[in-house]
Amino acid sequence: MNILAMCNSLNRGLGLPPDLTWPELGRRVWDRIQVDNVFGRAAELAYFFLFSVFPLLIVLTSLLGLVSGGAEIRGELLRYFRTALPWPAYQLVDTTLEEIASTTGGGKLSLGLAVSIASAAAGMVAVIEGLNTAYRVKEGRSWLLRRSVAILLTLALALFIIAALAIFLYGNQLGTFVATHFGFKPLFITAWRVVQWPLVFLFVLLALSLTYRFAPNVREQKLRWILPGAMAAFLLWLVASLGLRVYLKFFDTYSTVYGSLGALMILMLWFYLFGIAILVGGELNSILENAAAQAGNPDAKLTGEKAPGE
């Protein structure tokens, strides 16, 4: 099956009009990016993400510390964090978190967990506003409800990160235990080691899907109109992160231009790319469902029709 046939098959599966080719879809997404000022909003998201990342890491390490010793788990968490972050940004995060842990006892961290969660939710509040623009709806929820949604989504994100981290840390032991306990063959252990990576991808996809489902002020969100944007956001963020790492490896001029602030600027740039990925995914979901609604798909809604009370 060639690429054109695959695209046509995907269009039919989503109930999209046949004239919505991939080049046309790309053009519409680009137009919406310009109209909705996605690049400017992504800069706003990067600002709030910067304020949210350290409270979120405190929440993660505090929750992990309740399960098994905090110092070892925090080290493992940061080690896998390093695979995504550019090296200078990772050093900044690592150093800052170590300073927080050394100056604040574990008990105080636990007592301040609620404050940390509320602070971490600031980034999700900015995501809510950006996705409302993508879906062409106004925010009609009260401040308390909107903040509660942001906190719950932040907690869900933390739990998915912990689950993915648990697979990374204890996946081999879990596979060996299951194989031994149920009498599976050694082939199971090999297969399990391969399956671990798709499971991590699944957890990330679920976190993004929950964000697209509950963050914008819309109703009747169906999974088929959420998954395309979630997958696109994940792949876009992955490619952008890889591109940034390659660029910094060969053309690292941030330390020369910004001096000691170079690592901070790289972290901000990484958050900026992440914000673009999330907002583009929301725009893609909105465009696809709107096109399907125009084509007569009864499961789809036109842009703006999903706002509560409309």
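**Exercise 1. Describe the chain as a whole.**

Start with the surface. The chain exposes about 16,200 Å², and carbon and sulfur atoms supply 68% of that area. Such areas come from the Shrake-Rupley method with a 1.4 Å probe; for residues, only the protein chains shown count as cover. The model is predicted: local features need pLDDT of at least 70, side-chain atom pairs count only at pLDDT 80 or more, and totals for chains, interfaces and linings use all residues. Residues are numbered from 1 along each chain as its sequence is written, and side-chain values use heavy atoms, with hydrogens and water left out.

Next, count elements. The chain has 12 helices and zero strands. Helices (H or I, at least four residues) and strands (E, at least two) are DSSP runs, numbered from the N terminus.

Then look inside. Of the 310 residues, 45% are buried (under 20% relative accessible area, 1.4 Å probe, protein chains only).

**Exercise 2. Check the length of helix 2 and list its buried residues.**

Helix 2 covers residues 22–35, which is 14 residues. The expected span is 1.5 Å times one less than the number of residues. That gives 20 Å, and the end C-alpha atoms are 20 Å apart, so the two agree.

Now the buried positions: Glu 24, Leu 25, Val 29, Arg 32 and Ile 33. After helix 2 comes Asn 37, with a positive phi near 50°.

**Exercise 3. Place Thr 211 and find what it touches.**

Thr 211 sits in helix 9, residues 186–214. Its relative accessible area is 11%, so Thr 211 is buried.

Leave out residues up to four places away in sequence. Thr 211 then touches Met 124, Val 127, Leu 131, Leu 153 and Pro 216 (contact means heavy atoms within 4.5 Å).

How values were computed
Buried means under 20% relative accessible area, exposed over 50%, partly exposed in between (1.4 Å probe, protein chains only).
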